[in-house]
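Me: I have a structure open and would like a close look at a single part of it. Please take the surroundings of one partly exposed side chain as the starting point, and then follow the charged pairs elsewhere in the chain.

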Amino acid sequence: QVQLVESGGGLVQPGGTLRLSCAASGSGFNMYDMGWYRQAPGKQRELVAIINVGGSTNYAEAVKGRFIISREGAKTVDLQMNSLEFEDTAVYYCYGKASRVSPNGREFGSLAAYWGQGTQVTVSS
């Protein structure tokens, strides 16, 4: 029911900039936290940044001061990536935490995590 679609990945030189975007679509859900994770070859998936519906953010130490996470609405999330480094090369995944909503407007069940398909970010000279 919930689909996260990402865009904006690509190839960039060190020091360059990319902007990732993610939009949630579907019906019968309320989105809460949204954010971005990344996974480099041979490494575990790790948190990059999270933002809740009130705008509160949390960043991985490695990206603080360089990346900015934001929301245009309750079902979208962007990641502005500045001063990119070789170490930022990874597949970036959009993340959303959502509740289900019945036709009468009531939330039900437990919160569930949803993931986008991933978008490749490559930083190379």
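Me: Is Y32 buried, exposed or partly exposed, and which residues make a nonpolar surface patch with Y32?

Reply: In this predicted model, Y32 has a relative accessible area of 31% and is therefore partly exposed, since that class lies between the 20% limit for buried residues and the 50% limit for exposed ones. The residue is placed in strand β4, which spans residues 29-39, and together with V53 and L111 it makes a nonpolar surface patch of about 260 Å². Because patches are made of residues with over 30% relative accessible area, Y32, at 31%, meets that cut-off.

The charged side chains can be followed from there. Side chains of opposite charge can pair when their charged atoms come close, and the structure holds six salt bridges. One of them joins D78 and R19, with 3.0 Å from N to O; this pair links distant parts of the chain, as D78 belongs to strand β8 (residues 76-81) and R19 to strand β3 (residues 18-25), 59 residues apart. The two partners are covered to unlike degrees: D78 is buried, with a relative accessible area of 4%, whereas R19 is partly exposed at 39%.

A salt bridge is also formed by K64 and E61, where the N to O distance is 3.2 Å. Here K64 is partly exposed, its relative accessible area being 46%, while E61 reaches 62% and counts as exposed.

In the salt bridge between R66 and D88, the closest N and O atoms are 2.8 Å apart. R66 lies in the loop between β6 (57-59) and β7 (67-70), and D88 in the loop between β8 and β9 (90-101), so this pair ties together parts that are 22 residues apart in sequence. Both R66 and D88 are buried, and through salt bridges that share partners they are joined with R38, E46 and E85 into one network.

Strand β3, which holds R19, also leads to the start of the chain, where β1 runs antiparallel to β3 and is joined to it by five bridges; in this pairing, Q3 has S25 of β3 as its bridge partner. In a regular strand the side chains alternate between the two faces of the sheet. Strand β1, residues 3-7, has L4 and E6 on its covered face, and Q3, V5 and S7 on the uncovered one.

Terms used. Residues numbered from 1 in each chain as written. Predicted model: local features only at pLDDT ≥ 70, side-chain atom pairs only at ≥ 80, totals over all residues. Heavy atoms only, no water. Salt bridge = Lys/Arg side-chain N within 4 Å of Asp/Glu carboxyl O. Helix = DSSP H or I, 4+ residues; strand = E, 2+ residues; numbered from the N terminus. Buried < 20%, exposed > 50% of the residue type's maximum accessible area, 1.4 Å probe, protein only. Patch = residues over 30% accessible without salt bridge, like charges linked within 9 Å, V, L, I, M, F, W, Y side chains within 5 Å. Areas by Shrake-Rupley, 256 points an atom, 1.4 Å probe, with all protein chains shown as cover. Pairing = 2+ DSSP bridges.
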